[in-house]
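This report describes selected local features of a predicted model. It covers a helix cap, a helix pair and a polar side chain.

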Amino acid sequence: MKEVVNTKSLKLGDTLVERGLISRKQLDEALKAQKKDSRKLGQILVDRGLVTEEKLTQALSSVFQISFLKLSEIKIDEAVLGMVSDDMMHENKMLPIAFENNCLTVAISDPLNVASLQQIRLSCDYEIKPVLACLSDIEAHLQEHADSIKTIHAIKTVDTKTTEGSDIVQLVESIIGKAIKEKASDIHFEPQGDHMRVRYRIDGVLHERTVMPKELERNLISRIKIISGMDVAENRRPQDGRTTMTYAKEEYDIRISSLPDIKGENLVLRLLSKKFAKKTFDALGMDDNEIIVTKKLMRRPYGMILVTGPTGSGKTTTLYAVLNMLNDITKNIITIEDPVEYELKGITQTAINTLSGYSFAKAMRHILRHDPDVIMVGEIRDVETAEIAIRAALTGHLVLSTMHTNNAAGAVTRLLEMDIEPFLISSALNGVIAQRLVRHICPECMAEFTPNEEIIQNISKYTEIKKDVKFVEPVGCERCLKTGFSGRIGIYELLEVTDDIRTMILKAANEQEIVNKALTQGMSILKVAGIKKAIAQKTTLEEVIRVTSLD
């Protein structure tokens with residue numbers, strides 16, 4: 001490792017003057033102040049606003065002949081963070097950033113801190129290569145990677161002989177904490193034979209985050225089972241459990257599911273923020289017209305409203321937004337869910353239990369004796385539930401539910417396939433909301449591009465498009481964890497059941513006929529709604545293609 005030269009023989013101030021960053025008079029005044037102050041010269045100049053921290057660090061780089069590095073422009077391998085102890089990094093304000101050919105590159109802000117570099121060299125037995133970086137950048141990265149650092153060190157130090165040891169507790173908490181920080185919806189613990197893989201689902205896409213040694217697998221699974229109220233000794237059948245956790249003053253419900261696997265036991269943790277249940281229609285991604293139509297449907301005192309889409313398309317979140325809008329002291333609102341995902345104040349929520357015979361249909365019959373104004377049924381899965389829900393809608397109740405169909409008109413077809421009489425569907429159904437989720441482009445790093453003529457022609461088949469339109473594509477930055485996306489928004493297809501549509505349902509019209517009529521009444525299909533989001537630069541064309549099968 002290169003020996004760092006004493007700054008007494010170097011002239012940082014002269015370098016700053018030569019570069020035109022400060023005047024000689026400003027330097028003299030700072031040197032005078034330094035005699036009465038414990039701060040270093042550079043810090044005095046920064047505190048006085050005479051030079052930026054970055055310019056000062058670049059000058060130090062020149063004086064000490066140590067390379068300057070802007071940490072925001074590099075990607076740090078999280079595995080490298082585990083090569084230096086957490087305490088040593090924080091105490092000495094340094095950050096390991098790369099490891100190659102038995103040499104560890106360490107970012108420092110103080111080139112005089114030779115003792116700490118020597119300490120790292122002795123502790124890890126590697127060659128050390130120092131690079132200079134701004135102190136604020138180092139501290140920001142230490143904060144940003146705090147959960148990763150804790151996880152890595154917990155894995156290294158965990159006591160594999162005890163499940164209740166503080167190390168395994170810290171390991172579980174750090175994995176969950178890191179997932180929450182990265183806004184993951186699910187954590188997957190997956191046995192892989194010789195190790196356990198940990199993946200986070202972020203914005204609907206799985207990302208590998210940590211690899212656990214095989215010897216930690218059993219204790220880690222046991223710890224999660226204990227906190228979620230599951231049977232630790234049972235590993236031959238699936239189990240479900242739940243727990244709560246507070247992170248950054250926000251409370252999270254965590255649903256846990258176990259599944260026997262040929263290589264071990266698979267666990268999935270669903271992370272549910274209590275704030276998530278309070279989303280508005282605007283936050284969901286609805287435009288002004290979609291909000292107007294949705295509110296119009298919700299203001300009707302009775303009838304049925306269905307939300308459709310595949311698993312993971314945000315149907316339940318939309319229903320919770322509706323319930324929040326409807327929830328007031330004058331209404332008795334009851335939900336039937338499998339399971340209850342978010343707790344809502346002022347609303348009665350019940351969870352079905354198929355093992356004990358408490359099904360959606362059975363719950364519906366009991367609920368109707370409790371004088372409800374609004375009923376939310378988690379999902380219409382069978383004919384019995386559909387019939388009871390429709391009859392409830394016809395007898396003065398507003399019924400909300402979900403179905404798995406590809407589009408809004410498909411909900412009508414599905415009910416007809418269940419042998420529900422057309423006149424019942426026609427009378428009960430107020431509207432259908434079909435939806436998908438697309439990843440929201442990161443506003444900090446997105447890049448614009450002008451589409452070619454072929455793309456414009458293809459899109460013109462679905463909606464009007466200006467010749468000078470610009471779309472966006474992902475780039476990746478620190479804020480979005482290098483993915484190019486930040487969160488998800490919905491795209492919607494709203495079918496309002498008008499008198500004309502009711503007449504068509506009475507005649508058992510097919511799906512395409514209903515779609516054609518709805519289009520003449522102003523409905524936008526999912527593909528068009530997605531294209532509009534891409535034109536508005538809220539998502540990418542690739543995302544719209546991915547979720548809507550756009551040509």
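At the N-terminal end of H13, Asp287 acts as a cap, with a side-chain oxygen 3.2 Å from the backbone nitrogen of Asn289. The model is predicted: local features need pLDDT of at least 70 and side-chain atom pairs count only at pLDDT 80 or more, while totals for chains, interfaces and linings use all residues. Residues are numbered from 1 along each chain as its sequence is written, and side-chain values use heavy atoms, leaving out hydrogens and water.

H13 spans residues 288–298, and its buried residues (under 20% relative accessible area, 1.4 Å probe, protein chains only) include Glu290, Ile291, Val293, Thr294, Leu297 and Met298. These residues lie on the same side of H13, because they cover an arc of only 165° around the axis. Asp288 and Ile292 are exposed (over 50%) on the face turned away from the buried side.

The axes of H15 (residues 360–367) and H16 (residues 383–394) come within 8 Å and cross at roughly 25°. The two helices are therefore roughly parallel (angles under 35 degrees) to each other, and their crossing is left-handed.

Gln239 is found in strand S7, residues 239–247. With 8% relative accessibility, Gln239 counts as buried. The table gives polar contacts of its side chain (N or O atoms within 3.5 Å, one able to donate a hydrogen and the other to accept it; residues adjacent in sequence count only if both atoms are side-chain atoms).

| Side chain | Partner atom | Distance |
|---|---|---|
| Gln239 | Asp231 backbone nitrogen | 2.8 Å |
| Gln239 | Glu234 backbone oxygen | 3.0 Å |

Technical notes:
Helices (H or I, at least four residues) and strands (E, at least two) are DSSP runs, numbered from the N terminus. The arc is that of the directions from the helix axis to the C-beta atoms. Axes are lines fitted to C-alpha atoms, for helices over the stretch in contact, and angles run from 0 to 180 degrees between N-to-C directions. Angles under 35 degrees count as roughly parallel, over 145 as roughly antiparallel, 65 to 115 as roughly perpendicular and the rest as oblique. A crossing is left-handed if the near helix is turned anticlockwise from the far one by less than a right angle, and right-handed if clockwise.
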